[in-house]
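Colleague: I should like to learn how the features of a model such as this one are read. Might we take them in turn?

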Amino acid sequence: MSECLFYTTPSLPLRIPVDAILEYSDLAESKYFALQILESVIQTKWKSLPLVQRDGIKGFIVQFILKLSESRVESEKNSLLLHKLNLVLVQIVKQDWPKNWPTFITDIVESSKTNDNICVNNMNILSLLSEEVFDFGSQNLTQAKEQHLKQQFCGQFQEVFTLCITILEKCPANSIVEATLKTLHRFLSWIPVGYVFETNITQLLSENFLSLEVYRVVTLQCLTEISMIQIDAEDNAYKEKLCAMFCATIKEIGSLLGERADLATAYQKGTDQDQKFISCLAQFLVAFLKDHSALVEVCLDYWCALTSELYRLNPFTPPSPPIAISFSCGSAVGGKEHPRRKLYKEHLSNLRTIMISRMAKPEEVLVVENDQGEVVREIVKDTDSITLYKNMRECLVYLTHLDCKDTEQKMTDKLASQVINKLFEFMHETHEGVQDMACDTFIKIAMKCKRHFVIMQVGEQTPFIDEMLKNLNGIICDLAPSQVHVFYEAVGHIISSASDEPDQQADLIEKLMSLPNSVWDEIIANAGENMAVLEDPEVTRNLLNILKTNVACCKAAGNPFITQLSRLYIDLLSLYRILSEKVSVAVEQNGQEVLKMPLLKTMRAVKREILILISTWVASAKDRQMVLENIVPPLFDAVLFDYQKNVPAAREPKVLSLLSIIVTKLGSMLASQVPQILAAVFECTLEMINKDMEAFPEHRTNFFQLIHALTVECFPVFLALPQEQLSYIIDAVVWAFQHSMRNVAEIGLDILKDMLDRVEHLPPEQSQPFYKRFYMQILQHVLAVVADSSQVHVAGEFFC
């Protein structure tokens with residue numbers, strides 16, 4: 001048994017006894033790591049193992065799961081390990097069932113009858129299998145395999161369903177019933193409808209479990225899934241089942257909440273469980289009423305359906321007669337408004353006001369500290385909130401089509417200067433989340449209505465942006481650095497809309513950047529007198545925040561930001577050299593461990609932000625000649641030598657991405673500089689990444705993206721290189737598409753494809769020497785990748 005569970009990792013010359021680790025190790029981390037290795041073997045090498053070894057592994061995993069799940073104490077103590085074991089078993093089932101394990105469903109059902117805790121875990125296994133096949137099957141299975149497993153699961157589902165019904169009827173223990181309900185919820189989206197409407201499952205769910213708090217939420221989720229099942233309009237028996245289920249559910253809910261329950265207040269003041277219950281109740285009502293009742297007017301989906309229907313009554317404005325040309329929105333030209341639209345007109349106007357004023361927020365913003373010690377903003381996607389936002393947005397789109405003038409008027413009233421000023425007031429509010437909300441709302445308004453702020457509106461003496469920049473310090477004085485960056489990005493979007501007035505843009509950028517520029521100038525002046533000030537943590541943090549502010553504005557303003565970049569450029573490169581020297585000296589004196597110190601992290605973050613700022617502007621630059629003559633020479637002097645001489649751990653991967661952006665922007669104009677680029681970054685980077693396929697992942701990706709950019713834009717330069725250097729480049733490309741990291745392998749294949757495309761169009765005197773030297777080498781390695789089952793999905797796309 002031990003022999004079949006030995007595995008040699010790709011990156012380690014070790015044979016790892018997975019079964020021994022699982023059975024005898026006291027460290028949960030070791031067991032988890034062993035299972036991770038075993039899962040990888042099952043996913044990539046399973047079919048290549050002898051049948052006896054596969055059966056041995058399968059038997060060991062099953063017995064180990066049974067051992068851990070027999071006792072409730074043991075299963076709770078090892079819950080994470082047991083979950084991982086379940087995942088491994090599901091991977092085996094996906095490989096062996098039904099051909100090499102035809103009794104799997106029978107085995108799991110029979111074992112569920114032996115022990116309550118085993119039954120709970122078996123329900124979890126079935127739930128995971130349902131997810132893998134029906135929810136995520138298209139992502140990790142071939143289409144034929146996915147279809148086969150679905151058919152097999154449906155064909156053998158009777159045993160599983162009978163087990164579920166038996167448990168729900170007898171209610172042996174809370175944990176079993178809860179696990180069964182959760183598993184059933186996974187099944188209801190795909191099982192044949194006969195299991196739902198030709199059994200007593202709807203009656204069981206609607207009458208037996210809503211009264212108990214522990215089952216309430218998951219039961220509503222099951223009922224919601226049933227409500228969404230599409231049935232034949234003429235099937236009266238099924239419709240009667242649905243109506244009976246709905247009535248029984250409402251009766252149970254009514255007895256729980258009472259006749260005059262205030263759900264809005266209950267939701268605001270309730271616990272997390274209460275809020276989840278009310279949310280699930282709303283989803284159930286929407287799901288049922290949307291498809292099975294005319295009372296959908298109370299929910300958002302109804303308004304979406306109604307506005308969509310009203311719009312489709314007359315979706316397009318017909319052409320006007322030649323003599324009486326007029327323009328209208330939402331009604332036929334020269335004709336009468338449709339009676340149904342006229343009937344709802346007043347209500348739809350009120351609905352527009354509600355939709356605009358209570359639009360859902362599509363994401364939550366968190367301020368966290370990253371690995372470099374920097375405070376950054378993270379956007380957390382809330383699926384329910386995003387769905388609500390999308391539905392409201394869809395409804396508002398139809399409302400706009402029905403009467404765009406009314407919508408425009410209401411939208412403009414929301415964007416009046418007093419509303420923006422109210423947001424500025426919120427930027428001084430210290431209550432948690434208010435400042436983030438104000439900044440996020442401001443940037444959304446700025447992006448959608450940026451032109452509104454740079455032109456003079458009715459009742460204004462100057463454009464709103466001029467007034468805003470006059471009071472800039474008073475507006476942002478209480479904001480955190482990450483919030484200031486959002487504010488500057490928003491104003492950058494506004495400035496970008498004044499594209500017809502370059503002088504106005506330059507003036508606005510100068511006013512906007514006056515505050516960070518004053519602090520920058522003071523730091524640079526002090527550093528000119530005493531370089532030691534750059535070793536002050538507070539100073540380096542200030543530099544980092546100033547640079548992030550510049551990046552935020554540059555990202556939004558684009559090419560016009562050159563006025564600000566020109567002001568800082570020489571100081572930026574000087575600062576880059578100085579900080580790089582300080583980092584190098586620290587590493588020489590104290591070793592690479594010193595790079596983990598907060599001050600060194602911040603210094604490297606400043607260097608990285610300088611590169612990001614230059615990259616951001618170059619990507620949007622319009623004058624390529626100016627970039628080539630004024631930006632590139634001093635940049636290469638400061639950056640390339642620094643990258644080459646630094647220790648690997650101190651090399652900035654953003655250097656490589658900056659070079660890729662410059663190559664893409666300048667194309668063949670940069671041809672004369674390509675040898676210098678290769679000499680500085682090619683060999684030293686390759687030495688960092690050629691020892692394995694995982695170290696320095698950002699350097700690795702950026703390096704091959706640079707090679708790709710050079711291939712696309714400057715391929716003739718490659719052909720002019722000495723044969724030895726060209727061979728190194730071809731070897732690097734081969735190394736790229738041999739990676740197990742999909743993104744790197746895809747970049748490598750893209751490089752190879754573009755190379756071969758360009759060679760194909762060369763004259764024979766240039767193409768034939770290339771083919772003679774490299775064709776067989778390339779073909780050999782491509783075929784090796786194709787033959788590797790773990791990489792077929794990448795190489796297969798290349799040949800397609």
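Modeller: Let us begin with the chain as a whole. This is a predicted model, and of the 800 residues of its chain, 46% count as buried. The chain holds 40 helices and four strands.

Colleague: What share of the contacts with a separation of 6 or more comes from residues 24 or more positions apart?

Modeller: Such residues account for 70% of those contacts.

Colleague: How is a nonpolar core to be read, and which residues touch the most other members of the largest one?

Modeller: The general idea is that nonpolar side chains tend to be buried together in soluble globular proteins. Here the largest nonpolar core has 133 residues, and Phe442, Phe487, Trp617 and Phe704 touch the most other members. Helix α31, residues 562-590, gives the most to this core, with twelve residues. Domain 4 (417-500) and domain 5 (668-799) each supply at least three residues.

Colleague: With which residues is Phe487 in contact, leaving aside its neighbours within four places in sequence?

Modeller: Phe487 is in contact with Phe424, Met427, Phe442, Met468, Leu472, Ile475, Ile476 and Leu479. Apart from the largest core lies another, of 87 residues, including Ile165, Leu184, Tyr215 and Ile278.

Colleague: Let us turn to a single helix. How many residues has α29, and how far does it reach?

Modeller: Helix α29 (residues 514-529) has 16 residues and reaches 23 Å from its first C-alpha to its last, close to the 22 Å expected at 1.5 Å a residue. Its buried residues are Pro516, Asn517, Trp520, Ile523 and Ala527.

Colleague: Why are these buried residues said to lie on the same side of α29?

Modeller: They lie on the same side because they cover an arc of only 130 degrees around the axis. The face turned away from this buried side carries the exposed residues Glu522 and Glu529. As for partners, the buried residues of α29 pack against α27 (481-496), α28 (502-512), α30 (537-557) and α31.

Colleague: Finally, the cysteines. How many disulfides are counted?

Modeller: A disulfide requires two cysteine sulfur atoms within 2.5 Å, and by this rule the count is zero. Cys304 is in no disulfide, and the nearest cysteine sulfur, that of Cys395, is 4.4 Å away. Cys553 is likewise in no disulfide; the sulfur of Cys554, the nearest cysteine sulfur, is 7.5 Å away.

Colleague: Is Cys553 buried or exposed?

Modeller: Cys553 is buried, its relative accessible area being 0%. Cys304, at 8% relative accessibility, also counts as buried, because the cut-off is under 20%.

Conventions: Residues are numbered from 1 along each chain as its sequence is written. This is a predicted model: local features need pLDDT of at least 70, side-chain atom pairs count only at pLDDT 80 or more; totals for chains, interfaces and linings use all residues. Side-chain values use heavy atoms; hydrogens and water are left out. Buried means under 20% relative accessible area, exposed over 50%, partly exposed in between (1.4 Å probe, protein chains only). A nonpolar core is a set of buried Ala, Val, Leu, Ile, Met, Phe, Trp, Tyr and Cys residues joined through side-chain atoms within 4.5 Å. Helices (H or I, at least four residues) and strands (E, at least two) are DSSP runs, numbered from the N terminus. Domain bounds come from an automatic or database domain assignment. Contact means heavy atoms within 4.5 Å. The expected span of a helix is 1.5 Å times one less than its number of residues. The arc is that of the directions from the helix axis to the C-beta atoms.
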